[in-house]
Amino acid sequence: MRADLRVGWRCPATPDPGGAVSNETEPTMNRWHEHPGVRHHSQLTVGERAADLMRNGMGSWPFVFVFLCFMAVWAAVNGKHGVDPYPFILLNLFLSMVAGLQGAILLISAKRADSISSEVAIHTLDNTKQLQELIEANTVLTTTVAELATQIHEHVCGNHSAG
């Protein structure tokens, strides 16, 4: 197969061209950046890189656990009028600010995810077109080979029965 017509990308646990099976255990969902149709780090804008960092950081279990630990520590320290003289009013202010930003952060992350999906879809469409062209060319070649095989058969059988 010609190098410019190769399609697709290798998934985990599938043999590579050398025959070895990949030992990668990371789910393919987290490996979108390896897809050949998706722009790489150096091709992204600062905003796109920031959206990726935000999505990967805030949309993870470690972030949730750190946030819950912070809330527990804040509650423990301020339970007896610690840093916040009025119980949890400052915490309420911080949580309100986080909630205000959360909507924008979710929209930015969703927009970036849509961008990635679009790039993968365009790559898939291009590959589908290339595959369709290859299938059509293969069909023409198969038809030609069948016709030639029929001609050879007629020539061999025709000469054999005449002799």
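Before we look at the pocket, a word on sorting: Ala, Val, Leu, Ile, Met, Phe, Trp, Tyr, Cys and Pro count as nonpolar, Asp, Glu, Lys and Arg as charged, and the others, Gly among them, as polar.

Now to the structure itself, which is a predicted model. The protein chain has 3 helices and 0 strands, so if you walk along the sequence you meet the pattern α-α-α. Of its 163 residues, 15% are buried. The accessible surface of the chain is about 12400 Å², and carbon and sulfur atoms own 68% of that. As for contacts with a separation of 6 or more, 50% of them link residues 24 or more positions apart.

Let's turn to the second largest pocket, which holds about 260 Å³ of space. Which residues line the second largest pocket? They are Met54, Arg55, Met58, Gly59, Phe63, Phe67, Val98, Gln102, Ile105, Leu106 and Ser109. Three helices each give two or more residues to this lining, as listed here:

| Helix | Residue range |
|---|---|
| H1 | 46–58 |
| H2 | 61–78 |
| H3 | 89–162 |

Which helix gives the most to the lining? That's H3, with 5 residues.

And the make-up of the lining? By the sorting above, it divides into 7 nonpolar, 3 polar and 1 charged residues. Arg counts as charged, and Arg55 is one of the lining residues. Gly counts as polar, and Gly59 is in the lining too. Among the nonpolar kinds are Met and Phe, and the lining includes Met54, Met58, Phe63 and Phe67.

Note on methods
Residues numbered from 1 in each chain as written. Predicted model: local features only at pLDDT ≥ 70, side-chain atom pairs only at ≥ 80, totals over all residues. Heavy atoms only, no water. Helix = DSSP H or I, 4+ residues; strand = E, 2+ residues; numbered from the N terminus. Buried < 20%, exposed > 50% of the residue type's maximum accessible area, 1.4 Å probe, protein only. Contact = heavy atoms within 4.5 Å. Areas by Shrake-Rupley, 256 points an atom, 1.4 Å probe, with all protein chains shown as cover. 1 Å grid on protein atoms, 1.4 Å probe; cavity = no way out; pocket = protein on both sides within 12 Å on 5 of 7 lines; lining within 4 Å. Points joined across faces, edges and corners; volume = space filled by probe spheres on them.
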